[in-house]
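Hi there,

Here is the structure I promised to pass on to you. Have a look at it first, and then read my notes below.

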Amino acid sequence: MGRGEELSDFQRGTVVGCHLCQRSTREISALLALPQSTVSSVIVKWKRERITTTLPRCGRPQKLREEHRQILERVAREKCFTSIEALAAEFQSASGTVVSSNTIRRELHEMGFRGRVSSYSKARGGKGEVKKQAAPHRDDGDANVSRLDLRVGRILTAEQLPDANSLYVEQVDVGEASPRTVVSELAKHTSVVPNRMAVLVCNLEPAVTNGFTSQAVLLCARSSDRVEILDPPSGAVPGDRSCKITIDLPESPQIMQKNDVDQSTESIRMNQTDLSIAGDPDKESTLEKNVWEQIQQDLRTDAQRVATYKGAVFGVEGKGVCTAQTMTNCLIK
């Protein structure tokens, strides 16, 4: 039953997801056709280090985890420091991780940072450049839904944290090689169950909560006392882009009854119009917080539970619109 190659990150994430669903090592081994020793090894690594990625087997061991490297890169780009020691002190304050200045220097060098520390926040070029340059800043006046990287996702696992009874930690398949970790403050409002489809914002800055790095945000319809996870259209699959198109509302929305949204999806789709919303989704982890907050103000469900942006419904091209289960005329965030 042995394997001749390394497990992929997706396979490791699936093993952890099954473990969080209270499956035994033997059950996971039979389900995924993996040796029990391999399954056990993946689970032990998850419990000890909270990671599923394969670490290098030779050479210098990694002293920083990936979320710490992301924090280090952000600190290096956003502020202009006079020395590596000042940058290291700021990184340690932001991440809570204590490492030497030499480690910081080496990690930055591997990321492609060169030259003086004070020039890190400036645009750089040349053959030594490894990381992509930050996306150009856009004016807040250009804040619209087209800048969101909205994707359909399938919730693989959902675990309520015992030391934070309002939080769920989910593993969500958004059509990538491995699932994303998502931390949602939903436990006091609604249940998050495996295999549920959802709509996620995937290009916000990762946020660390209770030791977990949240890599996306679940979109929900919200009122003062209720929360419902937004549903993508029937037939959507993980990785489908939402807001790929925008659709005008029918001229007489009152002809649609509350329970007729699904049946009317096709007729709504026939009324597609170009709303001339300019721009493309911002690159990974580059959408500014103030832009996201500005866009949120115009995301709402309408009287038919359909998700809208400034009155225009949105969904997945060729498959329909996004809806809430029961909530009408509510904010989406």
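**What I found**

The protein has 8 helices and 15 strands in its secondary structure. Please keep in mind that this is a predicted model.

**The protein as a whole**

Of the 333 residues in the protein, 44% are buried. The accessible surface comes to about 17600 Å², and carbon and sulfur atoms account for 46% of that surface. If you take the contacts with a separation of 6 or more, 64% of them link residues that are 24 or more positions apart.

**Two pairs of helices**

Start with helix 1 (residues 9-20) and helix 2 (residues 25-32). Their axes come within 10 Å and cross at roughly 140 degrees. Angles over 145 degrees count as roughly antiparallel, and this crossing is therefore classed as oblique. Its hand is right-handed. Which residues make the contact? On the helix 1 side they are Thr-14, Val-15, Cys-18 and His-19, and on the helix 2 side they are Ile-28, Leu-31 and Leu-32. By type, the residues of this contact are 5 nonpolar and 2 polar, with no charged ones.

Now find helix 5 (residues 84-95) and helix 6 (residues 101-111). Here the axes come within 9 Å, and the crossing angle is roughly 90 degrees. Angles of 65 to 115 degrees count as roughly perpendicular, so that is how helix 5 and helix 6 are described. Helix 5 brings Ile-84, Glu-85, Leu-87, Ala-88 and Phe-91 to the contact, while helix 6 brings Ser-101, Ile-104, Arg-105 and Leu-108. These residues divide into 6 nonpolar, 1 polar and 2 charged.

**One residue to look up: Gln-171**

You will find Gln-171 in strand 2, which covers residues 168-173. Is Gln-171 buried or exposed? Its relative accessible area is 7%; buried means under 20%, so Gln-171 counts as buried.

What does Gln-171 touch, leaving out residues up to four places away in sequence? The list is Trp-46, Arg-154, Ile-155, Leu-156, Thr-157, Pro-179, Arg-180 and Thr-181. You can also try locating Gln-215, which is 44 residues away from Gln-171 along the chain. The C-alpha atoms of Gln-171 and Gln-215 are separated by 10.0 Å.

Enjoy exploring, and write back with any questions!

Best wishes

Definitions and conventions:
Residues are numbered from 1 along each chain as its sequence is written. This is a predicted model: local features need pLDDT of at least 70, side-chain atom pairs count only at pLDDT 80 or more; totals for chains, interfaces and linings use all residues. Side-chain values use heavy atoms; hydrogens and water are left out. Axes are lines fitted to C-alpha atoms, for helices over the stretch in contact, and angles run from 0 to 180 degrees between N-to-C directions. Helices (H or I, at least four residues) and strands (E, at least two) are DSSP runs, numbered from the N terminus. Angles under 35 degrees count as roughly parallel, over 145 as roughly antiparallel, 65 to 115 as roughly perpendicular and the rest as oblique. A crossing is left-handed if the near helix is turned anticlockwise from the far one by less than a right angle, and right-handed if clockwise. Contact means heavy atoms within 4.5 Å. Ala, Val, Leu, Ile, Met, Phe, Trp, Tyr, Cys and Pro count as nonpolar, Asp, Glu, Lys and Arg as charged, and the others, Gly among them, as polar. Buried means under 20% relative accessible area, exposed over 50%, partly exposed in between (1.4 Å probe, protein chains only). Accessible areas come from the Shrake-Rupley method with a 1.4 Å probe; for residues, only the protein chains shown count as cover.
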